[in-house]
Amino acid sequence: MTSGAHFLISWLSTVELLNERRERTIVALSGILPDVDGLGGVVDSITGTTSYYDKYHHYFGHCGLFAVIVSAIAYFLAKSQKKLTCILTYTIIHIHLLCDIIGSKGPDGHQWPIYYFYPFNTDFGLTWSGQWELNAWQNLAIMISLFLGCAFYAIRKRITFIEVISPRLQSAVFQMYDNYKR
Ligand SMILES: [Zn+2]
């Protein structure tokens, strides 16, 4: 799935469970962190001669070891609800992997297997025969559901994923909305 979908899934998973913005931000950002192994694509497009994307995408960021390391870092970065932040981070990275397995087929039909046991084993790649393409209707439906979920919390709890970027910006958005309503 796209990084945007991973981000919204991750952030939404925190709203009912984590009380503070700091911990929600840690989990929300951890949910997109596996895609860091796709950044080689940026280098490839600049150099035109390297193939870091093919070489590393779905390897080191999309493996069990990465989930353990990021969860441990999340534990130390959290100031409150440390254990829950750690468990949620570990879970959300695995949900990221699951989402990629079910809905991230490339336009060329390549399934981008998940090398879960990287770097210890690079032969075993996880795929699913029913996997749909990245731009399939299923992903669009999921994205719409995620935005509806975000709208629900914006109305009910006056909280949005914008808090990850800036709480001030979030307040400004609600201020504008309140002024508009008056
Ligand atoms: Zn991914």
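I count a residue as buried if 20 or more other C-beta atoms lie within 10 Å of its own, as exposed if 12 or fewer do, and as partly exposed in between, with C-beta atoms placed from the backbone. By that criterion I found that 26% of the 182 residues of the chain are buried.

I note that this is a predicted model, in which local features need pLDDT of at least 70 and side-chain atom pairs count only at pLDDT 80 or more, while totals for chains, interfaces and linings use all residues. Residues are numbered from 1 along each chain as its sequence is written.

I looked up the confidence next (pLDDT, the predictor's own per-residue score from 0 to 100): the chain averages 94, and 100% of the residues score at least 70.

For secondary structure I took DSSP runs numbered from the N terminus (helices H or I, at least four residues; strands E, at least two), which gave nine helices and zero strands. Among these elements, helix H4 (residues 52–56) has the lowest mean pLDDT, 82, and helix H5 (residues 64–77) the highest, 98.

I then turned to the largest nonpolar core (buried Ala, Val, Leu, Ile, Met, Phe, Trp, Tyr and Cys residues joined through C-beta atoms within 7 Å), which has 28 residues, with Val-27 and Val-70 making the most contacts inside it. Helices H1 (3–15), H2 (21–30), H5 and H6 (82–103) each give two or more residues to this core, and H6 gives the most, with six.

Taking contact as C-beta atoms, placed from the backbone, within 7 Å, I found Val-70 in contact with Ser-30, Leu-33, Thr-89 and Ile-93, leaving aside its neighbours within four places in sequence.

Definitions and conventions. Contact = placed C-beta atoms within 7 Å.
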